[in-house]
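Visitor: I would like to go through the charged side-chain contacts here. Please take them one at a time.

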Amino acid sequence: MTTLACSPVSTGAALDAAQRGSLREVLLARRQALLDSLALHTGGASRAQHAHEVLQQGRDDLREHAADREVDLAFTDQERLELAAIGQALQRLEAGAEGDYGLCEDCGAAIAFERLQVQPQALRCIGCETLRERRGGRSAAGTL
């Protein structure tokens, strides 16, 4: 298998303490917003309990309720995935200099601070992420 390398848009310097602190606050705020949203959508219930409650809300139009339930569950699944990514980003960030937060997992280059401000849980630099998207979700090394 041939491996194509990305051409990072920025090979910026490592994050300084102020930048790391700023990104930590963004991650924490987003995590809280997601937790609040999940609590609102599920009422604190598990995924299965929530699905059961949606189905029990009325049996007048089962097809409509089934479609609503699928949309609702997909939304909460996406929130849970984002929460997991944020949790992992916080762990990498908390590891400090020993961690790999802010470094592209494909090429090892520093991820631009500007990109991290927009998506603080980003795993790849813009160059590698673009290359990955062009390949349909596969990284340059051929993994997901």
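Guide: A salt bridge here is a side-chain nitrogen of Lys or Arg within 4 Å of a carboxyl oxygen of Asp or Glu. The model is predicted.

Visitor: How far apart are the closest N and O atoms of Glu105 and Arg124?

Guide: Glu105 lies in the loop between helix H3 (62–94) and helix H4 (113–118), and Arg124 in the loop between H4 and helix H5 (126–134), so the pair ties together parts that are 19 residues apart in sequence. The two form a salt bridge, and the distance between their closest N and O atoms is 2.8 Å.

Visitor: Is Arg124 buried or exposed?

Guide: The cut-off for buried is under 20% relative accessible area. Arg124 has 5%, so Arg124 is buried.

Visitor: Which residue forms a salt bridge with Arg124 at 3.1 Å?

Guide: The partner lies in the loop between H3 and H4, while Arg124 lies in the loop between H4 and H5, so the pair ties together parts that are 18 residues apart in sequence. The partner is partly exposed, with a relative accessible area of 27%. The residue is Asp106.

Visitor: Which residues are linked in a network of salt bridges?

Guide: Arg124 pairs with Glu105, and Arg124 also pairs with Asp106. With a further residue included, the network consists of Glu105, Asp106, Arg124 and Glu129.

Visitor: What feature does UniProt place at residues 99–134?

Guide: Over residues 99–134 the chain is 42% helix and 0% strand, with its end C-alpha atoms 28 Å apart. The unreviewed UniProt entry names the feature "domain: Zinc finger DksA/TraR C4-type".

Definitions and conventions:
Residues numbered from 1 in each chain as written. Predicted model: local features only at pLDDT ≥ 70, side-chain atom pairs only at ≥ 80, totals over all residues. Heavy atoms only, no water. UniProt positions renumbered as here; feature names shortened; annotations may be inferred. Helix = DSSP H or I, 4+ residues; strand = E, 2+ residues; numbered from the N terminus. Buried < 20%, exposed > 50% of the residue type's maximum accessible area, 1.4 Å probe, protein only.
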